[in-house]
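Student: I have a new model open and would like to learn how to read it feature by feature. Could you take me through it?

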Amino acid sequence: MRLRLPDGTAVEGRAIDLASDSVAVDADEVVAAIRADGRADAPGAVRIDCSSPGPGHDRLGRVPVSDPAPSRGWLLAAVGRSRGRRAPVADDLDRLEAKLAEHRDRAAGESNADDPERVDTSAAALRQARHRVAAAGEDESRLRERVATLRGRVNAHRDAGDDEATAAARQELVEAATELSEVETERVAAEQRLSALEQASRAERDRRDARLKLEDAVENRRRDARAYFAAELGAEFEAALRDLASLPAAATPAVDSPPVPPAPESDPVARSLAAVRLADLSAPVVLSCGRFSDAEAAADWLGAPVVRCSPSD
């Protein structure tokens, strides 16, 4: 590989050491350059010509890895992918992940707040719609009683032969009946609006339930895949950890390393290094841990090209 530093200096080799104080390049810059596949060529940027990152490099291309507490299964699943191996549940997992992605894309499109046709199915909107139906119903009942009362009053005045009072009562009856008709229309509209909101809310709830079931199914398949690789590669992993622990003292110390390293099985950096050793990685691995004395020692033990940066742990 060939790495060009921001000052234009070029370095070549299978093991490149940038851990000296004079090189102000951190691991993130190198990882970004590797994954940019030569596209990051801005002035002052790190550029690296190397093999393209293959499967597994997304998890194992840097140590410490992105997960602060990588599990054995998580690491060994990445090792398996780097070797081109697939778990028995891989096809089912691919199918479920694709279906979940479709759900999420559709949900993202439907939740666009700027969409003028988007229906607000929030609890507040439903509560307000129910309140409108109840209020319109109360007004309708009140007006029905008034219309009935006025109708009786009109009949009473007419039976009594009081034409003037009959005319006045009839006028009130017409006004009350008109108002009742308007309120009935409002009540029907409010009920239709509430029905539409409740239907949209049920549909949204059904979609959410379906998405949650898919997420559970995806996580279960991922767990199955991790368990498969942990069983298939566990022995090799344990051997790599033992080998790492047995490295000569001259190869393990670093200025910024803890004075007493934790046991390899409980040390996330040791577990990550063991996984990298098992993986088939052609793109460089970026180390920002103080486990090896130099980049050459790291590349030799890991069996992969290495860019060593200043330790961060």
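Student: Let's begin with the basics. How many helices and strands are there in the protein?

Tutor: Keep in mind throughout that this is a predicted model. The protein has eight helices and seven strands. For a sense of the fold overall, 35% of its 313 residues count as buried. Look at sequence separation too: taking contacts between residues at least 6 apart in sequence, 70% join residues at least 24 apart.

Student: Now the interior. Which residues of the largest nonpolar core touch the most other members?

Tutor: For a core, start with the residues that touch the most other members. In this core of 40 residues they are Leu60, Val63, Leu76, Val79, Leu273, Leu287 and Phe292. Then ask where the members come from: H3, H6, helix H7 (268-278), strand E6 (285-287) and helix H8 (295-302) each give two or more residues. H6 is the top contributor, with eight residues.

Student: Which residues is Leu273 in contact with, leaving aside its neighbours within four places in sequence?

Tutor: Val63, Leu244, Leu287, Cys289, Arg291, Phe292, Trp301 and Leu302. There is also a second, separate core, which has 17 residues, including Ile16, Val30, Val307 and Cys309.

Student: Leu273 belongs to H7. Is H7 mostly covered or mostly uncovered?

Tutor: For a helix, go through it residue by residue. H7 is mostly covered, with nine of its eleven residues buried. Those are Val269, Ala270, Arg271, Ser272, Leu273, Ala274, Ala275, Val276 and Leu278.

Student: What do the buried residues of H7 pack against?

Tutor: Their partners are helix H2 (57-60), strand E5 (62-63), H3, H6, E6 and H8. Check the helix end as well. Asp267 caps the N-terminal end of H7, with a side-chain oxygen 3.0 Å from the backbone nitrogen of Val269.

Student: Val63 came up among the contacts of Leu273. Is the peptide bond from Val63 to Pro64 cis or trans?

Tutor: The general idea first: most peptide bonds are trans. The bond from Val63 to Pro64 is cis, with omega near 5°. You'll find Pro64 in the loop between E5 and H3.

Student: On to pockets. How much space lies in the second largest pocket, and which residues are closest to its centre?

Tutor: Take volume, then lining, then chemistry. The second largest pocket holds about 350 Å³ of space. It is lined by 14 residues, and Ala77, Arg81, Leu93, Ala225 and Phe229 are the closest to its centre. Helix H3 (72-82), helix H4 (90-110) and helix H6 (163-245) each supply at least two lining residues. As for chemistry, the lining has six nonpolar residues, eight charged ones and no polar ones.

Student: Let's look at some single charged residues. Why does Glu140 count as buried?

Tutor: Compare the relative accessible area with the cut-off: buried means under 20%. Glu140 is buried because its relative accessible area is 8%. This residue is in helix H5 (residues 123-159). Beyond four places in sequence, Glu140 is in contact with Leu180, Val183, Glu184 and Arg187.

Student: And why does Glu215 count as partly exposed?

Tutor: Partly exposed is the range between buried, under 20%, and exposed, over 50%. Glu215 has 23% relative accessibility, so it counts as partly exposed. Glu215 lies in helix H6, and outside its neighbours within four places in sequence it is in contact with Leu100 and Arg104. From Glu215 to Glu97 the C-alpha to C-alpha distance is 8.4 Å, although they are 118 residues apart in sequence.

Student: Where is Asp224 found, and how far apart are Asp224 and Val89 in space?

Tutor: Asp224 is also a residue of helix H6. The two C-alpha atoms of Asp224 and Val89 are 7.2 Å apart, with their positions 135 residues apart in sequence. At 40% relative accessibility, Asp224 counts as partly exposed.

Student: Last one. Where does Asp120 lie, and which side chain does the side chain of Asp120 make a polar contact with?

Tutor: Asp120 sits in the loop between H4 and H5. Its side chain makes a polar contact of 2.9 Å with the side chain of Ser122. Not counting residues up to four places away in sequence, Asp120 touches Ala125 and Leu197. At 37% relative accessibility, Asp120 is partly exposed.

Terms used
Residues are numbered from 1 along each chain as its sequence is written. This is a predicted model: local features need pLDDT of at least 70, side-chain atom pairs count only at pLDDT 80 or more; totals for chains, interfaces and linings use all residues. Side-chain values use heavy atoms; hydrogens and water are left out. On a 1 Å grid over the protein atoms alone, a cavity is a set of points where a 1.4 Å probe fits but cannot get out, and a pocket is an open set with protein on both sides within 12 Å along at least five of seven lines; lining residues have an atom within 4 Å of a point. Grid points are joined across faces, edges and corners, and a volume is the space filled by probe spheres set on the points. Helices (H or I, at least four residues) and strands (E, at least two) are DSSP runs, numbered from the N terminus. Ala, Val, Leu, Ile, Met, Phe, Trp, Tyr, Cys and Pro count as nonpolar, Asp, Glu, Lys and Arg as charged, and the others, Gly among them, as polar. A nonpolar core is a set of buried Ala, Val, Leu, Ile, Met, Phe, Trp, Tyr and Cys residues joined through side-chain atoms within 4.5 Å. Buried means under 20% relative accessible area, exposed over 50%, partly exposed in between (1.4 Å probe, protein chains only). Contact means heavy atoms within 4.5 Å. A polar contact is a pair of N or O atoms within 3.5 Å; within protein, one must be able to donate a hydrogen and the other to accept it, and residues adjacent in sequence count only if both atoms are side-chain atoms.
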